[in-house]
Every structure is written in C-alpha cells, then in structure tokens.
Amino acid sequence: MGFEWYLDFVDRDYEPSDELICVFRAEPDGISMEEAAGRIASESSVGTWTTLSKLPERIKRLMARAFEIDGNVVKVAYPLDLFEEGNIPQLLSSVAGNIFGMRALKSLRLEDIHFPSEYLKHFKGPQFGIEGVRELLGIYDRPLTATVPKPKVGYDEDEYAEVAYDALSGGIDILKDDENLTSQPFIRFEKRLENVMKVIEKVEAETGEKKTYLCNITAETEEMRRRAELIADYGNEYAMVDILTAGWGAVQTVREFCEELGLAIHAHRAMHGAFTRKDDHGISLAVITKLARIAGVDNMHVGTGVGKMAGEASEVERLREVCVSEWEEAKHIKRVFPVSSGGLHPGLIPDVMRLFGTDVIIQVGGGVHGHPGGTRAGAKALRDSIDAVIEGISLEEKAERSKELRESLEKWGYVSPK
Ligand code: CAP
Ligand code: MG
C-alpha cells in the first residue's frame with residue numbers, strides 16, 4: 001500500500017558484515033513472504049506500519065535488513081548500534097518483541113541468533129564454567145550427580161534435611177532445590193539453608209566426599225542478593241535461579257553479585273515450554289541456552305532426550321553443543337555444564353551418557369526418591385549405574401553385585417516416562 005515502506009527493509013543482495021543475525025520461521029497471513037520479511041526486519045529495528053514525515057539521516061545505517069528468504073525461513077541482519085552494550089532485555093525487546101504479535105503473521109518463531117564478537121565482548125559469560133565447577137568440587141573423571149528431594153514441595157526444613165542426608169550420604173554429589181521451592185511458610189529459606197549446610201558438613205566429615213547445594217534464590221532481585229549473601233556466608237558454592245521466571249535483567253544482576261560472592265550459578269529454565277514447544281511459533285531453546293551462557297550461568301538444563309520432558313535427542317545434542325562448544329567469536333565466554341534432568345532413573349543412564357559423555361550433571365529426583373529401598377538406596381543405584389557405564393559393563397551385570405541397582409531395574413526397568 002502507498003503508505004507502507006516495509007519492502008525497504010528487504011535486500012536479497014545485502015551482505016551482512018559483523019552484524020547480529022537472526023533466523024526466523026514465519027507464516028504470513030494474506031501477504032507474501034517478501035512482505036512478511038520486511039515487517040519482521042522493520043518492526044524489530046526502526047520501522048513502523050506507515051511512512052513517516054521525518055527520518056533522521058542515521059536511520060539508513062540503523063535499518064535491519066532481511067537478506068535471505070528461503071521458503072518460510074527469513075534471515076535478518078541487525079547493525080550493532082541498534083543494541084545497547086551488555087543489555088539482554090533490550091536485545092529481546094528488539095528481536096523477540098512486537099514482531100510476535102503482528103497480525104500480518106499467522107505465526108513466527110525465532111530459531112537462532114548469531115552473535116558477532118563485537119556484541120559478545122560486553123558480556124563476562126560464566127564465572128566458573130565446566131572446568132571451574134570441576135575444580136570447585138574436585139570431581140574430574142565422571143558426570144556429576146544431583147537430586148531434588150521429592151515431593152518437590154511439602155517437606156518442612158527438618159524433613160528436607162533428612163532427605164538431604166540420605167541422598168548425599170548415599171553418594172549423590174549435589175542437592176538441588178526444586179524450581180518452585182523458595183521460601184514457603186512451612187519451609188523458610190533461611191532455616192532450610194542452615195539445615196542443609198549442617199547436613200553437608202556432616203556428610204563431608206563422614207565420607208570425605210565434597211558435596212554442594214543448588215540453593216534456589218529465585219525472588220525479587222534485592223531479595224535474591226540477600227539470599228545469595230547468606231549462601232556465601234555458609235561457604236556454599238552455588239546459587240540456583242529460575243532464569244525465565246526471574247527475567248533476564250535479574251539474571252544479569254545475579255551474575256554481578258555472584259561474582260562478588262564467588263558463587264556459581266545453576267540455571268533452571270522453568271516456563272520455557274510456554275514458548276519453545278511449538279515448531280511454528282515462539283523462541284527456540286537454542287536461543288534461550290545461548291542467552292543463558294552469555295548472561296553467565298555455570299549450569300544449564302538442556303533435557304534428556306529420553307525422559308518425561310519434551311525434547312528429542314537431536315535437540316538435546318544441539319543444546320549440549322551450545323553449552324560445551326568453544327566459541328571462536330568469544331573465547332572468554334566459558335563453557336557451561338549441561339544438566340540432564342526430567343524423568344531419569346538408573347535404567348536410562350546409559351542413554352544419557354551416550355548422548356552427553358561425562359561432562360554432564362545428571363539430575364535424578366523421582367528416580368532416586370522413588371526407589372523401593374528409599375532415598376539412600378536410590379542414590380547408590382544411580383551411582384552404580386554410572387559406574388557400570390564407565391566400567392563398560394551392562395546394568396544387568398552391575399546389578400548382580402548391586403542390590404540397589406537390581407531393585408531399581410525391577411521397579412522401572414528401562415522405561416522412558418511421560
Ligand atoms: C525433574 C525436575 C526438573 C525438570 C525440569 C522436575 O524431576 O526437578 O525441574 O527436569 O525440566 O521438577 O520435574 P524428576 P528440564 O527427576 O523427578 O523428573 O530439565 O527439561 O528443564
Ligand atoms: Mg524440578
């Protein structure tokens with residue numbers, strides 16, 4: 001139409017240079033892919049629905065350009081001056097904001113973002129990363145094990161500590177709060193932290209093994225800072241944050257004070273399913289996982305490929321790669337420990353280790369606390385299943401010498417729960 005300038009944002013001959021590139025999948029509604037691409041590039045950079053009576057000269061160099069249209073896939077190049085240095089919320093308000101709501105698009109999915117080094121240089125990335133976490137815990141040659149007490153919420157501070165004692169003394173390395181456990185009336189944060197740290201002290205003295213606690217600080221930002229300070233006062237290594245419900249700006253603040261406090265960050269991705277699951281609309285987990293690494297978390301959930309949560313093995317492999325690959329464009333951004341979690345039990349450990357190798361944190365909640373012999377037996381069954389893989393023997397063979405593993409296999413076998 002005469003008052004539109006969307007097609008000014010489409011240039012198939014354009015060759016991006018050191019720009020931020022977004023890959024979108026778009027389904028137009030009554031317009032061409034060309035016009036859809038123009039709308040995406042315009043609305044996510046400098047434009048709007050109509051031509052304007054005044055345009056500053058610099059607009060020409062700030063316009064995003066849709067430079068590749070292949071079927072429903074559109075690639076858009078964004079000049080870096082569009083983005084404030086070091087500001088993740090503003091990035092998403094641009095490339096993942098209004099465009100999702102445009103009537104001219106039936107659906108839109110942000111599949112990937114390619115960040116140039118000029119953009120990444122403004123971010124610290126993880127404080128510890130895989131190598132730093134292994135040094136923190138003194139565990140180098142095997143996956144790390146974690147468990148979440150289940151039921152996920154419901155224990156009081158003392159009952160929680162009992163489950164923690166059984167899990168950690170049974171062989172689990174890391175105790176993790178569940179994503180919705182923060183500070184409820186029956187289990188206040190301060191008392192739970194005090195109790196778990198006493199348990200860790202006791203178990204470390206009894207076993208000589210290093211233990212740590214992924215303590216969930218998720219809350220308003222100043223409260224998260226207060227909780228993190230308490231964690232550091234106890235000498236614990238980690239704070240845990242539900243990064244999507246807390247928000248990217250909060251995560252960047254957490255990264256700052258965890259640097260001051262020397263705390264590693266465990267990132268839980270609860271709520272991602274609200275916008276990652278549909279193939280034709282939303283934001284891919286590859287984008288979320290890249291942003292988590294850029295924001296500087298040390299651990300990040302990436303799925304199992306075999307457990308109860310959605311996510312095929314091919315997607316899990318891609319997300320693992322986002323975590324563990326060296327980034328040529330930003331060598332200062334350390335590698336992130338992938339966390340495999342969700343419906344796991346000893347019968348699935350060979351599959352998980354086939355997918356991840358040993359650089360993985362294997363989180364097993366129900367698959368430990370649902371063991372017929374209880375939490376401690378569940379913990380040993382988990383460790384024995386990992387040992388079996390490292391020894392190169394089958395779980396059945398290992399189970400001949402492990403009652404706990406045998407009972408786990410009798411209850412769950414190799415089921416992939418839904
Ligand atoms: C797993 C879990 C994790 C999910 C999150 C849960 O418990 O604690 O939050 O793994 O999903 O609450 O379901 P179980 P994802 O071990 O008992 O399944 O890791 O895919 O983000
Ligand atoms: Mg959970």
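Biologist: In this predicted model, what makes the meeting of the side chains of Lys398 and Glu391 a salt bridge?

Modeller: The N to O distance between the side chains of Lys398 and Glu391 is 2.8 Å, and a salt bridge requires a side-chain nitrogen of Lys or Arg within 4 Å of a carboxyl oxygen of Asp or Glu, so the pair qualifies.

Biologist: Why is Lys398 called buried?

Modeller: Lys398 has a relative accessible area of 12%, and buried means under 20%, so the word applies to Lys398. Glu391, by contrast, stands at 42% relative accessibility, which lies between the limits of 20% and 50%, so Glu391 counts as partly exposed.

Biologist: How do you know that Lys198 and Glu194 form a salt bridge, and where do the two residues lie?

Modeller: Their side chains meet at 3.0 Å, N to O, and the cut-off is 4 Å, so this pair is a salt bridge as well. Lys198 and Glu194 both lie in helix 7, four residues apart, which is about one turn of the helix.

Biologist: Why is Asp156 called partly exposed?

Modeller: The relative accessible area of Asp156 is 25%, and partly exposed covers values between 20% and 50%, so Asp156 belongs in that class.

Biologist: What makes the approach of the Asp156 side chain to the backbone nitrogen of Glu159 a polar contact?

Modeller: The side chain of Asp156 reaches that nitrogen of Glu159 at 2.7 Å, and a polar contact needs N or O atoms within 3.5 Å, so the distance satisfies the cut-off. The Asp156 side chain also reaches the backbone nitrogen of Asp158, at 2.9 Å.

Definitions and conventions. Residues numbered from 1 in each chain as written. Chains lettered and ligands numbered in written order. Predicted model: local features only at pLDDT ≥ 70, side-chain atom pairs only at ≥ 80, totals over all residues. Heavy atoms only, no water. Buried < 20%, exposed > 50% of the residue type's maximum accessible area, 1.4 Å probe, protein only. Polar contact = N/O pair within 3.5 Å; in protein donor to acceptor, adjacent residues only side chain to side chain.
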